[in-house]
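Here are a few exercises to work through with the structure open beside you. Try each task before reading its solution.

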Protein chains: 2
Amino acid sequence: MAIKSFHPPQRILMGPGPSDVSSRVLEAMSRPTIGHLDPMFVAMMDEMKELLKYAFQTKNELTMPVSAPGSAGMETCFVNLVEPGDKVIVCQNGVFGGRMKENVERCGGVAVMVQDEWGRAIDPQKLEDALKANPDTKVVAFVHAETSTGAQSDAKTLVGVAHQYSCLTIVDTVTSLGGSPVKVDEWDIDATYSGSQKCLSCTPGLSPVSFSARAQDKIKSRKTKVQSWFMDLNLVMGYWGAATKRAYHHTAPINALYGLHESLVMLQEEGLENSWARHQKNHLALRAGMEAMGLQFVVPVAERLPQLNAITVPDGVDDAAVRAALLNDYQLEIGAGLGVMAGKVWRFGLMGYACTPRNVLVCLGALDDVLGRLNAPIRRGVAVAAAQKVLAG
Amino acid sequence: MAIKSFHPPQRILMGPGPSDVSSRVLEAMSRPTIGHLDPMFVAMMDEMKELLKYAFQTKNELTMPVSAPGSAGMETCFVNLVEPGDKVIVCQNGVFGGRMKENVERCGGVAVMVQDEWGRAIDPQKLEDALKANPDTKVVAFVHAETSTGAQSDAKTLVGVAHQYSCLTIVDTVTSLGGSPVKVDEWDIDATYSGSQKCLSCTPGLSPVSFSARAQDKIKSRKTKVQSWFMDLNLVMGYWGAATKRAYHHTAPINALYGLHESLVMLQEEGLENSWARHQKNHLALRAGMEAMGLQFVVPVAERLPQLNAITVPDGVDDAAVRAALLNDYQLEIGAGLGVMAGKVWRFGLMGYACTPRNVLVCLGALDDVLGRLNAPIRRGVAVAAAQKVLAG
C-alpha cells in the first residue's frame, strides 16, 4: 500500500449541491485548529448564531449549526419534536418528503402522507383537508424547496394552515436558505433545517437549524427522552446555548465551522436581498438559454426555484452520457434525476457562489456543444446569446 | 451587524483533543470541493477505506468514516447493534462508559453496568461475573482508552470474555487509534468507533468505524428498523459500500474527508508501529518531567495511556487559573477534568501531530513557570532537564 495525497480536479459545481465554494471559505477552513472550548472559539460561536439568525431572518435563540450534514439536521428536528404515537402530516412532492416519512416512523410517530405531484408546489387545500380528517395531528412537515424537482411551496400559507389546527411545523429549507426568501419569524416556522453546501456555498457537512419558542416548549415538556443522544437538543444546548458557561457535549467540527462562519460573513456583506436577486437574475438568464434551445422545465413557472432548475431530458438523449461529457470535457457537474425522475431530468443548480453570469454562460455553451454532438433535438448556437440578453437587461 | 472573518490564534493543542493539525492536513482541506458522487471522489473513498483498514488493523469491508463527530460514531454502533429489549453490559471506568449507557437506553436496550474505579483499567473478572449473572446478554461495550482518565484497558482479553458468552462487542477506540495499538482483527472486535481529532490529528468532525462480519450479520437480521435514518448502516452502505454503483444517501463532508485522507496518508508514511513508539517515547519524557516536578499521575503505570496523561492538581492550586495562564501566556491548551474529576485533574494530551519532543519541552517549561508563579508545591527548574534526558536516551 502506498496511497498518495488526493488532489481533486477543479470542477464547476452546478448540480443540486455541493455548490462551488469560494476560496475565502476554503482558506478559512485551513486556519489553525483550536479547542472547542477555547474562549476565542466560544466567541466565534456567538457570532455564528447571529449570522445564522440573519440568514434565517429570525430572533430564535435556538439557532445553530448541527455538527453533521442536512440529513442529520432533518433528523434533529424529528427526533426532538416527535414522540412515540404522535401523528405527523407530511406533505410530499418529491424525494425529501419521503425521507421525512422515514424519520417520523423511526421516531415511533404515525405519518399521514399528503401527496402532491412531483414537480409541483404543495397544495395548501390538501393539507387543510388532511388536518380536518386528522384533528389529533401534532406536527406538519414539508419541504419548502424540493431539491429533487426544483419546486418551491408557499411555506407561509402552509405554516398558517398548520397553526390553525394547533400543529407545530417542520420545514426543510435545505435548498432555499440564502438563495430565495426564507423568513422564519414572519412565516412563523417552528423548526427548520438547512445545509451548508447549497446556497450558503460552504463545504458540505453542517446543518443550520432554528427552533421557535413554541418548539422549545415542546422539547422541554417531552414525556420521553429524545431517542438520539447526539441530536438531543436538551444536551446540545449545553454547548451551543446562551449560557455563560459552555459545557462539553460533543467535539464540534472546528474547521468546518470556520468555513461556515466565513460563508455567512460573505452573505452578510452581500446582503440577503441582494443574494436573492442575484439568484433570480441568473436563473432568468439560464431559463432564457434553456428555452431558446427548446428545452423544457419540469416545474411550472410560478412554482420554480431559481437555484435548482430541473430540465426534462429530451426524447432519445442518453442522460448519463450528457452528464459524463459535461464533467469530462468541461469539468462541469450537473445533477441527475432522483427517485421517479431518475434518467428523466437533469438538475442544474445555480447556488450561492456558483450562481454567476460566467457559470450560466459556460453551462449553456457546454450543453449546446454536448447535446449537439449527440444529435439531440435542440436549436444550436442560440442559448448563450439568449442568456446574455437577459444578463445585459 | 458587521461581523468580520474569524482569525483563530495559533495554539498548541495538548488537551484531550482536538490535537494539533499538520499544515498538510489543513491545506488538503482547502482544496477545491467536488461532488460527493464525482468519480474522482468515489475513487478517493476507496483509498480512504484502505487507509482506515490499515489504521484499525482489519480486513473488515465495513470500515469507513461516519460523517459526524465521534459521539455520532458511538451512536452508530449502538443504534445498529442494539434492538429494543436487548441486554447490554457496559463496563464503565470513566465518563464515556456513562455515555454508552445513555445510548443503550435510548435504543430501548437494557444496560447492565459493571463499574470500575475511575483511573483504573476495566477488570475482566467483573465482566465475566456479570456475564454469568446475565446469560441473556447480547452485547458487551467498553472504552479501550478512557479519554476522561487516561486509563487503557485490555481490549483483547475483554473481547475474549465477551465472545465466550456469545456476545457482540462494541469498543470505543476514540483516543487510542493511531497512538497506541488497536488491532481490530487480532483482538476480534465486532464494532469500533474512533475520532478524527485525536491521534489521527485531523480536524474534528469525522468518526472512523469498523464492523466485523458477525456485526454485519446482526445488522442484516434485525427485527426492527434502525431508529436513526442518518446512521442506518443498511442505507449508509449504499454510499460507502463495495458496490460498483454508489447511491446517494447523505451529502458527504467532502473537504473534511480530504483532510482525513491526508492525515491517514501521513500515518501510513510514518508507519503505525513507529507512531505508537513515538507516542510512547514522548509520554516517557513528559512523565519524567512531571515526576521530577513532584506531580502525580492518576493512573497506575501499567494501565496508563501514553497519549492522555491525567495529572492530579496539587492541593491548594487553582485548576482553572493554571489552565488559563498556560493558554494566555503560552498559547498552550491542556484539558480540565471531566465528571467526578472536574477540578481535580489536568489532562495533558500527546496526540498525533502534537506528540513531539518540542511540545513536551514547551509544556513542561510552561507548567514549571505557571505553577511556580502560583507558589504551587513543586520542584522548580528540573522538569525540562528530566525530559531531555529521556528524549536523548
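**Exercise 1. Work out how the two copies are related.**

Solution. This is a predicted model, and the first step is to superpose the copies. Laying chain B on chain A takes a turn of 180 degrees and a shift of 0.0 Å along the axis, and leaves an RMSD of 0.0 Å. The two copies are therefore related as by a two-fold rotation axis. Next, look for the part of chain B closest to that axis: the C-alpha of B:Ala68 is the nearest one in the chain, at 2.5 Å. Finally, compare the surfaces: 100% of the contact residues of chain B recur in chain A, so the same surface serves both copies.

For the predictor's own confidence, note that the complex has an ipTM of 0.98 and a pTM of 0.98. Chain A has a mean pLDDT of 97, with 99% of its residues at 70 or more.

**Exercise 2. Describe the side of chain B that touches chain A.**

Solution. Begin with the residue count: chain B brings 67 residues to the contact, and chain A brings 67 residues. Then ask which helices take part. Helices H1 (23-29), H2 (39-56), H3 (70-81), H4 (95-106) and H10 (254-270) of chain B each supply at least two residues of this side. H10(B) gives the most, with eight residues. Last comes the chemical make-up of this side of chain B: 29 residues are nonpolar, 24 polar and 14 charged.

**Exercise 3. Find the domains of chain A and characterise their contact.**

Solution. Start with the division: domain 1 covers 23-268 and domain 2 covers 272-392 of chain A. The centres of these two domains, taken over C-alpha atoms, are separated by 29 Å. In the contact between them, domain 1 of chain A contributes 22 residues and domain 2 of chain A contributes 22 residues. On the side of domain 1 that touches domain 2 in chain A, nine residues are nonpolar, eleven polar and two charged.

**Exercise 4. Is B:Gly352 buried or exposed, and which residues does it touch?**

Solution. First locate the residue: B:Gly352 sits in the loop between strand S14 (345-349) and helix H13 (357-373) of chain B. Then count its surroundings. B:Gly352 has 32 C-beta neighbours inside 10 Å, and so it counts as buried, since the cut-off is 20 or more. Now list the contacts, leaving out residues up to four places away in sequence: B:Gly352 touches B:Ser19, B:Gly178, B:Gly179, B:Lys198, B:Cys199, B:Leu200 and B:Ser201. One of these partners, B:Lys198, is 154 residues from B:Gly352 in sequence, yet their C-alpha atoms are 6.7 Å apart in space.

Definitions and conventions
Residues numbered from 1 in each chain as written. Chains lettered and ligands numbered in written order. Predicted model: local features only at pLDDT ≥ 70, side-chain atom pairs only at ≥ 80, totals over all residues. Least-squares fit on C-alpha atoms with pLDDT ≥ 70 in both. Contact = placed C-beta atoms within 7 Å. pLDDT = per-residue confidence, 0-100. Helix = DSSP H or I, 4+ residues; strand = E, 2+ residues; numbered from the N terminus. Nonpolar A, V, L, I, M, F, W, Y, C, P; charged D, E, K, R; others polar. Domains from an automatic or database assignment. Buried ≥ 20, exposed ≤ 12 C-beta atoms within 10 Å, placed from the backbone.
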